[in-house]
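This report goes through a single protein chain residue by residue and element by element, as an aid to reading the model on screen. The sequence and the structure come first, and the text follows them.

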Amino acid sequence: MRRLLARLWHATRGPIQWRVLWVANAKFMVGVTGAVHDDEGRFLLLRHRLWPQDRQWGLPSGYAISGEEFSETVVREVREETALEVRPGGLIYLRSGFRLRLEVAYEAHFVGGTMQLDPTEILDAGWFLPDELPENVQPAHRDLIARVLEGQATTTPES
């Protein structure tokens with residue numbers, strides 16, 4: 001039976017194989033977070049309008065667009081939410097998350113710009129030292145900041 005299935009698979013090249021793979025496998029949304037910090041060791045935190053009120057503060061986050069490099073998602077999301085420019089650094093977190101979500105996080109370095117918040121998504125923003133984070137920061141984002149401080153980011157070609 002396995003040989004027959006293998007022959008069928010090899011006989012169906014191209015679009016048919018892709019369709020079978022598409023139907024048979026999970027589809028994921030990719031959530032991307034940027035642990036953005038400046039030269040003074042402060043991290044950029046945003047108070048997100050759409051997050052639960054008891055944990056509205058967190059790092060810049062958003063979803064990747066199809067075909068987008070995840071490190072570039074960080075750059076785009078920070079620009080959209082704050083108008084600031086960042087340079088992506090190393091990967092600090094990657095895992096299959098809740099249900100059909102892939103979670104990716106990168107370290108990112110503040111490059112410049114003047115903060116202008118997108119009021120649709122962001123209520124407030126600020127730069128915080130690691131020992132002065134707001135009380136209601138997402139616990140997972142505290143962990144990402146700790147990973148950056150411990151030097152757990154992998155290097156990327158852009159670094």
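Ala 24 counts as exposed because its relative accessibility is 62%, above the 50% that marks the exposed class. In this predicted model, Ala 24 has its place in helix 2, which covers residues 15-24. Although Ala 24 and Phe 43 are 19 residues apart along the chain, their C-alpha atoms are separated by 41 Å.

Three other residues fall in the partly exposed class, and the table sets out their places and values.

| Residue | Place | Relative accessible area |
|---|---|---|
| Phe 70 | helix 3 | 28% |
| Ala 83 | loop between helix 3 and strand 5 | 28% |
| Arg 55 | loop between strand 2 and strand 3 | 34% |

Arg 55 is in contact with Asn 136 and Gln 138, once its neighbours within four places in sequence are left aside. From the C-alpha atom of Arg 55 to that of Lys 27, 28 residues away along the chain, the separation is 28 Å. Phe 70 and Val 32, by comparison, are 38 residues apart in sequence, and their C-alpha atoms are 6.8 Å apart in space. Val 32 is also among the contacts of Phe 70, which, with neighbours within four places in sequence set aside, are Val 30, Val 32, Ala 64, Val 104 and Tyr 106.

Helix 3, to which Phe 70 belongs, runs over residues 70-82; its 13 residues reach 18 Å from the first C-alpha to the last, close to the 18 Å expected at 1.5 Å a residue. The buried residues in helix 3 are Ser 71, Thr 73, Val 74, Val 75, Arg 76, Glu 77, Val 78, Glu 81 and Thr 82, and they pack against strand 1, strand 2, strand 4, strand 5, strand 6 and strand 7 (122-128). Just after helix 3 comes Ala 83, with a positive phi of about 70 degrees. Most residues other than glycine have a negative phi, and Ala 83 has a positive value in a residue other than glycine.

Helix 4 can be read in a similar way. Which residues of helix 4 are buried? They are His 141, Leu 144, Ile 145 and Val 148, and because they cover an arc of only 100 degrees around the axis, they lie on the same side of helix 4. An α-helix has 3.6 residues a turn, so residues three or four places apart point the same way. Pro 139 and Leu 149 are exposed on the other side of helix 4. The packing partners of the buried residues of helix 4 are strand 1, strand 2 (43-48), strand 3 (57-58), strand 4, strand 5 (85-96) and strand 6. Gly 151, just after helix 4, takes a positive phi of about 70 degrees.

The last topic is the largest pocket, whose volume is about 470 Å³. It is lined by 23 residues, of which Thr 33, Trp 51, Ser 61, Arg 101 and His 141 are the closest to its centre; His 141 is also one of the buried residues of helix 4. At least two residues of the lining come from each of strand 1 (29-37), strand 4 (61-63), strand 6 (101-112) and helix 4 (139-149). By type, the lining of the largest pocket divides into nine nonpolar, seven polar and seven charged residues.

Technical notes: Residues are numbered from 1 along each chain as its sequence is written. This is a predicted model: local features need pLDDT of at least 70, side-chain atom pairs count only at pLDDT 80 or more; totals for chains, interfaces and linings use all residues. Side-chain values use heavy atoms; hydrogens and water are left out. On a 1 Å grid over the protein atoms alone, a cavity is a set of points where a 1.4 Å probe fits but cannot get out, and a pocket is an open set with protein on both sides within 12 Å along at least five of seven lines; lining residues have an atom within 4 Å of a point. Grid points are joined across faces, edges and corners, and a volume is the space filled by probe spheres set on the points. Helices (H or I, at least four residues) and strands (E, at least two) are DSSP runs, numbered from the N terminus. Ala, Val, Leu, Ile, Met, Phe, Trp, Tyr, Cys and Pro count as nonpolar, Asp, Glu, Lys and Arg as charged, and the others, Gly among them, as polar. Buried means under 20% relative accessible area, exposed over 50%, partly exposed in between (1.4 Å probe, protein chains only). The arc is that of the directions from the helix axis to the C-beta atoms. Contact means heavy atoms within 4.5 Å. The expected span of a helix is 1.5 Å times one less than its number of residues.
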